[in-house]
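Visitor: I would like a close look at a single part of this model, namely one helix and whatever it packs against. Please take me through its surroundings with care.

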Amino acid sequence: MELALISDVHSNLPALEAVLEDAGHREIFCCGDIVGYNPFPREVVELLQKRGVKAIRGNHDHAVATGDTGWLNPYAAAAAEWTMAVLRESDAEFLRSLPEGYADRRFKAFHGSPRDPLYEYVYGDTPDAVLESFLGEGGILFLGHTHIPFVRRLKEGIVLNPGSVGQPRDGDPRAAYAVVDIERGEVELRRVPYDIDLVAERIIESGLPERLAKRLYLGV
Ligand code: ZN
C-alpha cells in the first residue's frame, strides 16, 4: 500500500497539479500549509477537496483561518492578508476544520512536531534521542514546515519530511513530495518540474511581494 505524502503546498496550483499527476491513483496525505505565499488559494483548496486529500493544519493555514498573522515574517504576513481577502467563506471553513495532528494505525503526522504542532522546525540533523521521543512507541511519523526533505531511520521507526510542493527551500526548485510504502517501510523522495513562470507572473499581477516570485526559481 503506497501513500503519496505532500506538504507545504502554499497555494501553488501548477506545482500541486504536477505532483498529483505524478502521484497517480495513490492515497494522498498533506502535512499542512495548504495556503500562503502563492496566488492560487481557492483553486488549491478546491483541488485538495475534490481529490479527497486528508490534511492537517499548518501555521499559515492557522494564520489565515484565525486572522492571527503575528507569528509570520512580513512577506508571509502580507501573503496571509492577501489570502484572507480572496478566500471564499467555504474555503476558510475548510482551513478552520483542519486538526493540528493526525494519527491512525499506519502513521502519525504533524506540521511542526508532536510537542509544538504548528511552529517547531525539525530538520534532518535532529539528534536521534529527540526523534525517538517524537516517535514514542514507534511506527512512522510525517512532518512538514521546514520545506526541506529528509528521511531518518531509527530503531523505533521512521521520521520523514517530504519537502515542499509549492515553495522548496533546499536549492532544487522542482516540487517535492514523497511516496511511502508503509508496510515495507520504504520511502522515495521525488521531485517534479512545473511551470514556475506561470506562478511568478500571477504573483506579480496579484500584487503579492515580488520576492515570493524570485525565490521559486532558486528553490530557497
Ligand atoms: Zn510552509
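Guide: In this predicted model, helix α1 lies across four strands, β1 (2-6), β2, β9 (175-181) and β10, and runs at about 25 degrees to β9. The sheet to which these strands belong is an open one of five strands, arranged in the order β3-β2-β1-β9-β10 with mixed pairing. Its edges are formed by β3 (54-55) and β10 (186-192), each of which pairs on one side only. Towards the β3 edge, strand β2 (residues 27-30) and β3 pair in the parallel sense over two bridges, and C30 stands opposite A55 in β3.

Besides the strands, there is a helical neighbour to consider. Two packed helices are described by the angle between their axes and the distance between the axes. For helix α1 (residues 13-23) and helix α2 (residues 41-50), the axes come within 9 Å and cross at roughly 20 degrees; because angles under 35 degrees count as roughly parallel, α1 is roughly parallel to α2. On the α1 side the residues that meet α2 are L13, L16, E17 and L20, while α2 contributes E43, V44, L47 and L48. Sorted by class, this contact of α1 with α2 has six nonpolar and two charged residues, and no polar ones. Taken together, then, α1 lies across strands β1, β2, β9 and β10 and also meets α2 through the residues named above.

Notes: Residues are numbered from 1 along each chain as its sequence is written. This is a predicted model: local features need pLDDT of at least 70, side-chain atom pairs count only at pLDDT 80 or more; totals for chains, interfaces and linings use all residues. Side-chain values use heavy atoms; hydrogens and water are left out. Axes are lines fitted to C-alpha atoms, for helices over the stretch in contact, and angles run from 0 to 180 degrees between N-to-C directions. Angles under 35 degrees count as roughly parallel, over 145 as roughly antiparallel, 65 to 115 as roughly perpendicular and the rest as oblique. Contact means heavy atoms within 4.5 Å. Ala, Val, Leu, Ile, Met, Phe, Trp, Tyr, Cys and Pro count as nonpolar, Asp, Glu, Lys and Arg as charged, and the others, Gly among them, as polar. Two strands pair if DSSP finds at least two bridges between them.
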